[in-house]
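I open this notebook to record what I looked up, beginning with the domains and going on to the chain contact and one pair of helices.

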Amino acid sequence: MDKHSLVVIGGGPAGMAAAIAAKKDGIDDIVIYERDAQLGGILNQCIHNGFGLHTFKEELTGPEYAERFSKQVISLGIKYETGSMVLSISRDKEITVVSRENGLRTVQADAVVLAMGCRERPRGALNIPGTRPQGIYTAGTAQKLVNCEGWVPGREIVILGSGDIGLIMARRMTLEGVRVKLVAELMPYSGGLKRNIVQCLDDYGIPLRLSHTVIDVKGKRKLEGVTIAEVDSGGKPIQGTEEYYPCDTLLLSCGLIPENELTLGAGVTINSVTNGPFVDDTLQTDVPGIFACGNVLHVHDLVDFVSEESGRAGHNAADYIKNNGCKANSAKIVTVCVGNGVRYTVPSTIDVGNASENIHLRFRVRGVYKGSAIVVRSGEHELLRKKKKIMVPSEMEDVIIKPGLLEDVSEISVAIEEGTV
Amino acid sequence: MKKRTYDAVVIGAGVIGCAAARELSRYELNVAVLEKESDVCEGTSKANSAIIHAGFDAMPGTMKARFNVEGNRLMDSVSKELDIPFRRNGAMVVCMQESDMPQLQKLYDRGIANGVEGLSILSGDKAREMEPSLAKDVYAVLYAPSSGIVCPFEMTIAYAENACENGVDFSFLTEVTSISHCDDGFVINTTNGEYCAKIVVNCAGVYADKVHAMQGTPDFSIRARKGEYMLLDKSAGSLVSSTIFQAPTKMGKGVLVSPTVHGNLIVGPTAEDIDDKEDVSTTQGGLSTVRTVSANSVSDIPYGKVITSFSGLRATADTGDFIIGDHSGFIDAAGIESPGLSSAPAIALYIAQLVCSRLSPRKKDNFKAQRRGIPKLAQLDKEERAKLIEERPDYGQIVCRCEQISEGEIIDSIRRPLGATTLDGVKRRVRAGMGRCQAGFCSPRVIELLARELNIQPWEVKKNG
């Protein structure tokens, strides 16, 4: 059986950043398994700009951003195998991988970085009633068809969900001469970034209808139209608000789900809120030596944060390998609890005994909060307060905690204090 | 327009039509199957509970009882010959209170009268030992170990492929418009030319009444009874190991909860008589009924894991039973609602008998009973899988990540006899796109493969039809 110090699963932005960091930390024997034909992951189909503002202080397209990393992978001599699909990972980090070139193999890793990304929530999972005709795509699938395959599905479209890919596709399809009739969003707020609403909808006069959803799909073989209705605060359609929109295409941008089937197979515990694994501040899961980063851990808003987080995962995986899987200090674990308005935090535990650097705590909020503050407490004792003009569920929030603050603490909570600013 | 002459023409390429064609292909007969859609398994056969029922539900003496029990017995050999997945996972009918016990006893007695083997009545506690997710207030169950699960697509496709291999002609996009009698039997007019046959076998599903009436008096009518279902991710597939039924009513066997033979969880169906025989839409009301009613028998079904919902139409005859019989060479297999899938192997044999008693054909010397399906790479052990990939490297290129379906399997599904021509056709043959992302990732690649193999443009590739 082949052995590798580090196996990185996924050659998108997360996997590449993790591998590069580990290599720079002195780990030589690394392999990246990428199921697609090239490195870059979903960035390859994101031909719009807006990537890299944090990392490179430039506005890059997705493929350009990916290339900055793939060039490093190549120049550092990191081994990567494309067209290679990992079929399973065991708790002992035995990995089964299959490809056209190399057939079916099992390899043993000292450490594993999970970087498989996420998938889009399909129509079936949304329980939209109606028929099941041709012409219903997730926004990402349509993006792949238009940007990579070079053909445009449909002439008249409705988009359900205002996730970022949906907003980007509203603009993209408009530029291809397609009529985008409207974007309907179930929630009373958008699922995408403010800048995408402005640049992709407002600039093109595409209406965004908040608190609206698709309640019926018509057409036997091909999509003929959809019925949109307003929903009440409980998400139930309001009678009498139904409007029929003839269209040949319905795009869905209704949320992303981390792809953790391999993770589950390895015996890693999954957080039911993020659908990603529970990790500590080193981004290590509850199976020693298995780390996670990027959208497989929790869905990010900006790729820049994916790269930053994944670099830390790669760095910590390198430490793990160098220490032969043993921790230097006896661990003292601080649990991170979610308080008012906070859906989850990554990490969910902090190994204070080992933490030497500042701890990045990332999370998403439950609703729209204006003039509020993020407050970190230990019991009644306030450790940290960060004021925010506005917080929305579509954007990731973070606080940075100095390890010194956590001495003599066993549990901290992160909460939103509303309207205190 | 072309004119073709056959010994027997089968109308409808659902499971009954395909199974009948396969049984007829054992004999020295020219047989054709006419199908209005572009593929086999496009109607009732593609959207049902996928259960091989034990046979305790139908009234003794009915055709439903006879063919169900016979069909169930045949499934072991049929599944081996056709190389299709089939598993006897057992079934439970739940009884919620002591006062309903006579009803359960009645079902038991009926099962015994129908010849169902292995039936027993178990206490709620005993049943929960076997099925921990059974609702707490289940008082007792009727347990039927011979009940099984099957893939209805594969079963229909396998019957069709085997029939095709043994010389049966299939004509798709061929809708029968009229039938007239002639000296030699029947003239069948279709949207795709004229066919002549000594014998016509009517397996037209929800339209069997219409097809019957084309050549004689309208003796019966078929109503479409819609059933809505939800299908859950494989991570929910082991919630129950047997098929859990509620007490049957005159509308059917009620909402069941069952693992599928591929490891998903299926919940449904509803039962609603409708007028439009093409209406396979799901409804808000139907799906919420599935949710509420299923909770009576099984607790904590994780509905957050639904990957798709769909509905199918049962071909319900006004006679209450299957209508299978020979009227001067026009053979009906009509009103084949549940337990139709379970009965298919037995109905097919019976139809072959009826045809043989008229035409007395010789048995073929070279009939090939054994079909070899497309290898299911994901289910093979590592050595076997590695060996196959060595022989065919495209079996190592995964296209559908959720179901781990390779490029090789997809190409096989297109190149085989009666191969796939649409995304749905590929999906039903090899499950690419059947998983939790519902073809989000693989459809661009499957479209590319279909376009290449069929020599068409990618935008011309259809989802169905």
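**Domains of chain A**

I looked up the domain division first and found chain A split into domain 1 (1–120 + 256–326), domain 2 (122–254) and domain 3 (329–421); I keep in mind throughout that this is a predicted model. For domain 1 and domain 3 of chain A, I read a separation of 26 Å between their C-alpha centres. I then checked their contact, in which 14 residues of domain 1 of chain A meet 13 residues of domain 3 of chain A, and on the domain 1 side I noted six nonpolar, five polar and three charged residues.

**Chain A against chain B**

Turning to the two chains, I found 31 residues of chain A in contact with 36 residues of chain B. On the chain A side, the elements giving two or more residues are the strands S6 (84–89), S7 (94–99), S8 (103–114) and S9 (118–120), together with the helices H3 (123–126) and H4 (139–149). I noted that H4(A) supplies the largest share of that side, five residues, and that by class the side holds 10 nonpolar, 11 polar and 10 charged residues.

**A helix pair in chain B**

Last, I looked at helix H1 (residues 15–24) and helix H5 (residues 152–165) of chain B, which pack at an angle of about 30° with their axes 8 Å apart, and I recorded the crossing of H1(B) and H5(B) as left-handed. Among the residues making this contact I listed Val15(B), Cys18(B) and Arg22(B) from H1(B), and Met155(B), Tyr159(B) and Asn162(B) from H5(B). By class, I entered nine nonpolar, two polar and one charged residues for the contact of H1(B) with H5(B).

Definitions and conventions: Residues are numbered from 1 along each chain as its sequence is written. Chains are lettered from A and ligands numbered from 1 in the order in which they are written. This is a predicted model: local features need pLDDT of at least 70, side-chain atom pairs count only at pLDDT 80 or more; totals for chains, interfaces and linings use all residues. Two residues are in contact if their C-beta atoms, placed from the backbone, lie within 7 Å. Helices (H or I, at least four residues) and strands (E, at least two) are DSSP runs, numbered from the N terminus. Ala, Val, Leu, Ile, Met, Phe, Trp, Tyr, Cys and Pro count as nonpolar, Asp, Glu, Lys and Arg as charged, and the others, Gly among them, as polar. Axes are lines fitted to C-alpha atoms, for helices over the stretch in contact, and angles run from 0 to 180 degrees between N-to-C directions. A crossing is left-handed if the near helix is turned anticlockwise from the far one by less than a right angle, and right-handed if clockwise. Domain bounds come from an automatic or database domain assignment.
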